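Hello,

Here is the structure I promised to pass on to you. Have a look at it first, and then read my notes below.

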Amino acid sequence: PAVWRRGAPGREALPLLLGEVVEAARPVNADGTIVGGGANGGGTHVPVRWTNVAGAWAIEQLDMRFGEVRGANATGDLTGYVMTPCEHGQRAVCQRAIVWYTTGGSLEIGTLGGPDSFAFHINSTGEVVGVSIPARRRSIGNTAFFWSPDPLVGMVQLPVIGRSARATALSDVRPDGTRLVVGDSRGEPVVWVVPNP
């Protein structure tokens, strides 16, 4: 993997995990010092964070479980997914949306009642959007969610006409207290306006 930064001469190679074969760098924070992605290390695709300190890149494995980073906010909090034992009993493992904080630690953010969730983006206040499987998957399909760290809000399903939707990016909170969420529903673009919780 590599990064190209404004003001830096050309391409900068990112370090590899020990035994790594294939990797992907996906999101980057506002000042270009934190990059997230996934790395195939030891036969498992794991989530990683690259951090640039004083011009030198270092790699950190964020979780031992299979997963990947898909979104970053300005400060470098990351979001994506990990595979975890399934509570629903239908299969051995399920996919869970997760946040890895710049300050350390992580938080699995749950689902809409079904077995799986996947996070695509995180804004500067730590709100996350993605896709989840609700409890009634057959009638709805995968659906878009908005998640707030406010415990009174948590994860909410974004409205969609018809079936199946995903939310892939969201803005910071705008002056009017709303944020924009963008995504798609069965191939058609969708924009949601989410008010303050």
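Let me begin with one pair of charged residues. Glu-68 and Arg-70 form a salt bridge, and their closest N and O atoms are 3.5 Å apart. Please keep in mind that this is a predicted model. Are the two partners buried or exposed? Glu-68 has a relative accessible area of 6%, which is under 20%, so this residue counts as buried. Arg-70 is partly exposed, at 28% relative accessibility.

A bit of background may help here: side chains of opposite charge can pair when their charged atoms come close.

How many salt bridges are there in the whole structure? The search finds eight. Here are two more of them.

One is between the side chains of Arg-49 and Glu-60, with 3.1 Å from N to O. This pair links distant parts of the chain: Arg-49 belongs to strand β5 (residues 44-53) and Glu-60 to strand β6 (residues 56-61), and the two residues are eleven positions apart. Arg-49 is buried, with 7% relative accessibility, whereas Glu-60 is partly exposed at 37%.

The other joins Arg-179 to Glu-127, and here the closest N and O atoms are 2.8 Å apart. These partners also come from distant parts of the chain, 52 residues apart: Arg-179 is in strand β16 (residues 179-185), while Glu-127 is in the loop between β11 (113-122) and β12 (128-134). Both Arg-179 and Glu-127 are buried. There is a network to find as well: Arg-26, Glu-68 and Arg-70 are joined into one by salt bridges that share partners.

Now for the strands. In general, the strands of a sheet pair through backbone hydrogen bonds, either parallel or antiparallel. The protein chain here has 17 strands and one helix.

Try tracing an open sheet of four strands, in the order β7-β8-β9-β10, where the pairing is antiparallel. At its edges you will find β7 (67-72) and β10 (106-110), and each of these pairs on one side only. From one strand to the next, the twist averages 35°. Within this sheet, β8 (residues 78-85) and β9 (residues 93-100) are antiparallel partners over eight bridges. If you would like one place to look, find Tyr-81, which stands opposite Ala-97 in β9.

Another open sheet has three strands in the order β15-β16-β17, again with antiparallel pairing. Which strands stand at its edges? They are β15 (166-170) and β17 (188-194); each has a single partner strand, so one side of each has no neighbour in the sheet. Ignoring direction, neighbouring strands of this sheet are turned by 30° against each other on average. The antiparallel strands β16 and β17 are joined by seven bridges, and Val-181 has Trp-192 in β17 as its bridge partner.

Finally, some values for the chain as a whole. Of its 197 residues, 47% count as buried. The accessible surface comes to about 9,800 Å², and carbon and sulfur atoms make up 56% of that. Among contacts with a separation of 6 or more, 33% are between residues 24 or more positions apart.

Enjoy exploring, and write back with any questions!

Best wishes

Terms used: Residues are numbered from 1 along each chain as its sequence is written. This is a predicted model: local features need pLDDT of at least 70, side-chain atom pairs count only at pLDDT 80 or more; totals for chains, interfaces and linings use all residues. Side-chain values use heavy atoms; hydrogens and water are left out. Two strands pair if DSSP finds at least two bridges between them. Axes are lines fitted to C-alpha atoms, for helices over the stretch in contact, and angles run from 0 to 180 degrees between N-to-C directions. Buried means under 20% relative accessible area, exposed over 50%, partly exposed in between (1.4 Å probe, protein chains only). Contact means heavy atoms within 4.5 Å. Accessible areas come from the Shrake-Rupley method with a 1.4 Å probe; for residues, only the protein chains shown count as cover. A salt bridge is a side-chain nitrogen of Lys or Arg within 4 Å of a carboxyl oxygen of Asp or Glu.
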